[in-house]
Amino acid sequence: MASNASLDTSKKTPSSSAPILPRLVGFALLIALDVFAIWFSTRLVFFGYYPLLAAFLVITLFVNVVVLRKQAYPIRWMLIGLILMAMFTIYPIIFTVWVAFTNYGEGHLITKEQAVDQILDLKYLPESGKAYAWTAFKSPEGDYVLWLIDADGSAFLAKPGEPLAQPLPGEMGVGQLDAKGVPETIEGYQRLNPILAATDKTITEIQFGEAGQTIQVRSPSEAAQLVPLYVYDPDQDAMINQETGVVYKNLRGTFTSSAGQQLRPGFVASIQWTNFRDFFISPALRGPLVQLVSWNFGFAFFSLLLNFSLGLAIAIMFNDPDFPLKKLIRSLLIIPYTVPALITILVWRGMMNPELGVISRTMNDLFGWSPPWFTNQWWAKIAILLVNLWLSYPYFMLICSGALQSIPQDIYEAAIVDGASPWQKFKSITLPLLLVAVGPLLIASFTFNFNNFNLIYLFNGGGPPIPGTPTPAGYTDILISYVYNLAFSGSTGINYGFAAAITIIIFFIVGTITLFQFRYTRMWEEVSENV
Amino acid sequence: MSSLTSVQRLRTSARVQRQISIGIRLVVAVFLILFSLFPILWVISASLSATGTLATQTLIPKNPSFQNYLTLLKLDQFPFWNWFLNSLKVATITSLLSLAITTVAAYAFSRFRFRGRQTMLKAIFLIQVFPSLLALVATFLMISQVGDILPFIGLNNHASLILVYLGGAMGVNIWLMKGFLDTIPRDIDESAMVEGASDWQIFTKLILPLLRPILIVVAILNYISTYGEFVLARVLLRSNEQYTLMVGLQIFAGAQFTQRWGVFAAGALMGALPIMIIYLALQDQIVGGLTQGAVKG
């Protein structure tokens with residue numbers, strides 16, 4: 001192995017240093033890429049997308065190392081694939097793992113800083129505080145300005161969104177002042193008489209002055225500066241309501257008072273293992289989850305059993321070189337497999353439609369009864385297994401007939417000489433040898449069905465629903481379709497954190513089966529032998 | 001004499017038995033074919049049925065017509081050709097690029113020996129097992145963030161969809177490809193190497209031609225699975241004219257399934273046709289590929 005690598009590099013040195021041009025082009029490309037990377041990173045910083053920035057920098061660094069270091073030569077061959085995989089597969093996986101330990105979901109979608117800023121933006125009009133006497137002016141376009149006079153007699157001009165000004169008569173279009181110190185005219189505006197102003201509802205809703213120091217009309221005689229309703233106390237990690245004095249402490253990403261009142265919005269916060277604990281021991285979820293997991297395994301197991309049995313039976317039946325029309329029969333039988341699954345699943349959904357579908361109508365005509373495919377949980381499960389049988393037996397038929405042909409015929413001849421019955425031949429020769437050949441594919445098929453989201457989602461969306469569950473779940477839901485509802489269906493409480501936690505649990509189940517498959521097929525040993 | 005007749009009788013009875021067995025098996029085959037083809041026939045009939053709703057359809061359509069096909073090509077909310085071309089474009093580009101990426105990488109895994117080679121191979125396989133459905137939210141966020149900076153690989157764009165598909169390309173097929181490459185004897189490379197050929201020359205001039213059968217299989221399987229994918233596409237594509245056919249069909253089915261059953265059937269049938277043709281024409285190669293370990297996904 002080591003000698004081989006050195007052989008490779010020694011061969012490489014003359015061939016890669018001789019043509020200068022390709023190397024120069026390579027360096028030019030790398031420099032161009034780095035320039036682009038720097039520009040892209042500054043943009044990411046500008047938008048504040050820091051996790052993406054981190055991923056991008058790691059990938060850029062990796063590319064530079066691989067291109068510049070001679071030892072990394074083999075990696076260059078797979079560089080583009082690795083970049084794409086890192087960006088579009090690994091980064092989302094890491095993100096999902098992080099999310100599984102947070103409360104990310106409805107009401108908890110923004111960062112803590114953003115949530116604190118939003119809450120600190122809330123204002124209220126205090127009972128006391130700096131107060132002004134006010135006079136309103138209105139423009140023909142419906143804009144308002146206020147003329148304010150404080151307790152010391154200083155006068156201010158307040159426009160929405162602009163800092164307070166202290167114009168003298170003649171400045172900013174301000175006309176002559178009357179006896180009370182209020183200008184008689186302001187250019188572009190009409191002075192409102194006090195009664196008209198007091199009854200104008202819009203005035204009380206407008207915030208005058210610059211952001212953060214806004215002034216609002218409190219009563220017909222008084223306008224006052226708004227003050228923030230909440231103050232953030234970093235020591236307690238809590239929000240304190242200035243009007244009532246209530247303290248809202250940070251509780252798993254929501255500022256919550258001791259009475260249980262919550263401030264909106266909440267924010268994304270780490271909640272350690274809570275999502276996983278909920279999955280295993282939450283009493284409200286216990287019932288539906290036990291049902292979901294057992295159906296998930298049951299579905300994958302029975303699908304495999306049925307599909308494989310039918311496929312194998314057909315393969316054996318037509319495993320006869322002289323059988324008439326063999327090729328035609330095979331072509332016709334694999335047609336279900338050739339149509340995109342989305343289409344055929346939707347067609348089955350239509351055919352089994354309880355009122356309108358052909359299967360239900362025919363059975364109603366013949367027997368006066370048809371199975372409630374979509375409303376009864378057991379019939380729904382049977383329907384799903386049936387549709388899956390239709391979808392996948394051609395695949396098993398194909399791989400089994402392939403494997404059958406690889407079993408040497410002389411074993412059978414020996415068995416016939418020994419007087420073995422057809423059943424004995426099947427049980428002791430065909431099945432064991434076949435299982436060795438197709439075993440890995442069976443395991444792969446089990447894991448595929450374990451996460452067969454398309455079938456469940458398209459056929460009946462996991463229905464019929466289990467009554468009384470905290471989050472929507474159906475009797476035919478498998479984990480992955482349940483997770484999809486948790487994460488994406490807008491109906492009740494999107495809980496992405498919990499969904500991510502279940503995804504990781506699914507990954508462990510499927511990953512374990514996959515490792516078992518490796519062991520079983522000796523795939524990894526094969527790799528070692530090659531080294 | 002008598003023994004001869006008994007042998008003859010035995011022979012004829014064996015022939016009769018064989019014929020009976022073939023007869024029974026043919027009957028079973030007919031039933032199986034009916035089971036397999038019934039839904040397909042039903043869709044064909046639905047697409048030709050004049051009334052076009054789920055409830056009124058019969059297996060042999062009354063007054064068959066191509067009305068549904070004509071409606072399909074005129075409906076504004078069902079721009080069939082648009083979706084169909086989108087699907088062909090995305091699937092073609094994805095499968096070709098993915099083939100290139102996978103082949104080159106598999107060559108490196110098969111021919112070079114370097115530290116971390118086994119670990120990488122195992123890791124790629126395990127990563128591919130992760131249920132990517134949930135990584136969807138992360139993918140969506142990422143694409144929308146990238147799109148703020150570079151709109152042409154942002155949301156509602158075929159380029160970003162293709163990139164995301166390519167992100168999963170290596171995981172799926174690299175083992176299949178590497179397995180095939182391992183069966184090509186290394187003496188071939190070594191003799192070329194002695195004559196001073198570079199790795200790239202060996203790969204393109206010697207190995208690639210030998211890989212032809214497996215290249216076709218991988219490209220086709222990839223094409224078919226990309227063509228049929230709708231979950232990612234539905235999340236990343238946001239406007240009607242950008243949809244791929246599968247996304248369009250699924251949304252159309254959700255909206256007016258029972259009423260526009262005939263139109264749906266016509267669209268589904270026309271959409272399924274290219275894949276069916278590819279499958280039936282190349283079934284021998286595909287079967288070979290399937291038995292070597294690719295699972296339809």
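**Figure 1. Helix 13 of chain A, an enclosed helix in a predicted model.** Let us start inside chain A of this predicted model. The buried residues of helix 13 of chain A begin with Ala341(A), Leu342(A), Ile343(A), Thr344(A), Ile345(A) and Leu346(A). The list goes on with Val347(A), Trp348(A), Arg349(A), Gly350(A) and Met351(A). That makes 11 of the 11 residues in this helix, which spans residues 341-351, so the rest of the structure largely encloses helix 13. A residue is called buried here if 20 or more other C-beta atoms lie within 10 Å of its own.

**Figure 2. An open sheet of four strands in chain A.** Follow the strands across the sheet and you will meet them in the order 9-10-11-12, with antiparallel pairing. Which strands stand at the edges? They are strand 9 (230-233) and strand 12 (254-257) of chain A. Each of these two has a single partner strand, so one side of each is left without a neighbour in the sheet. From one strand to the next, the twist averages 30 degrees.

**Figure 3. A closer look at strands 9 and 10 of chain A.** This view stays with the open sheet and picks out one of its pairings. Strand 10 covers residues 238-241 of chain A, and four bridges join it to strand 9 of chain A. The two strands run antiparallel. To find your way, look for Tyr232(A), which stands opposite Met239(A) in strand 10 of chain A.

**Figure 4. The hairpin of strands 6 and 7 in chain A.** Here two strands form a hairpin, with two residues between them. Strand 6 takes in residues 215-219 of chain A and strand 7 takes in residues 222-225 of chain A. Their pairing is antiparallel and runs over four bridges. Two residue pairs make handy landmarks. Ser219(A) stands opposite Glu222(A) in strand 7 of chain A, while Val217(A) has Ala223(A) of strand 7 as its bridge partner.

**Figure 5. Strand 2 of chain A alongside strand 7.** Strand 7 of chain A also pairs with strand 2 of chain A, which covers residues 131-138. This pairing is antiparallel too, over two bridges. Which residue of strand 7 does Tyr132(A) stand opposite? The residue is Ala223(A), which you may recall as the bridge partner of Val217(A).

**Figure 6. Where chain A touches chain B.** In this view, 81 residues of chain A are in contact with 77 residues of chain B. Which element of chain A gives the most to the side that touches chain B? Helix 5 of chain A (residues 79-100) does, with 13 residues. The residues on this side of chain A divide into 60 nonpolar, 18 polar and three charged.

**Figure 7. Chain B, a chain of helices.** Chain B has 14 helices and zero strands. Reading from the N terminus, then, you pass one α element after another. Of the 297 residues of chain B, 40% count as buried. Contacts reach across the sequence as well: among those in chain B with a separation of 6 or more, 72% come from residues 24 or more positions apart. The domain assignment gives domain 1 (2-69) and domain 2 (79-256) of chain B. Taken over C-alpha atoms, the centres of these two domains are 39 Å apart.

**Figure 8. Asn156(B) in a loop of chain B.** Look between helix 5 (132-149) and helix 6 (158-167) of chain B to find the loop that holds Asn156(B). Although Asn156(B) is not a glycine, it has a positive phi of about 60 degrees. Is Asn156(B) buried or partly exposed? Asn156(B) has 17 C-beta neighbours inside 10 Å, so it counts as partly exposed.

**Figure 9. How confident the predictor is, chain by chain.** The model scores ipTM 0.85 and pTM 0.78. Chain A has a mean pLDDT of 81, with 93% of its residues reaching 70 or more. Over residues 1-18 of chain A the pLDDT is below 50, and this stretch has 11 contacts in the model beyond near neighbours in sequence. Residues 524-531 of chain A also stay under 50, and the model has eight contacts for them beyond four places in sequence. Chain B averages a pLDDT of 83, and 90% of the residues score at least 70. In chain B, the pLDDT is below 50 over residues 293-297, a stretch with 15 contacts beyond near neighbours in sequence.

Technical notes:
Residues are numbered from 1 along each chain as its sequence is written. Chains are lettered from A and ligands numbered from 1 in the order in which they are written. This is a predicted model: local features need pLDDT of at least 70, side-chain atom pairs count only at pLDDT 80 or more; totals for chains, interfaces and linings use all residues. Two residues are in contact if their C-beta atoms, placed from the backbone, lie within 7 Å. Ala, Val, Leu, Ile, Met, Phe, Trp, Tyr, Cys and Pro count as nonpolar, Asp, Glu, Lys and Arg as charged, and the others, Gly among them, as polar. Two strands pair if DSSP finds at least two bridges between them. Axes are lines fitted to C-alpha atoms, for helices over the stretch in contact, and angles run from 0 to 180 degrees between N-to-C directions. A residue is buried if 20 or more other C-beta atoms lie within 10 Å of its own, exposed if 12 or fewer, and partly exposed in between; C-beta atoms are placed from the backbone. Domain bounds come from an automatic or database domain assignment. pLDDT is the predictor's confidence in each residue, from 0 to 100.
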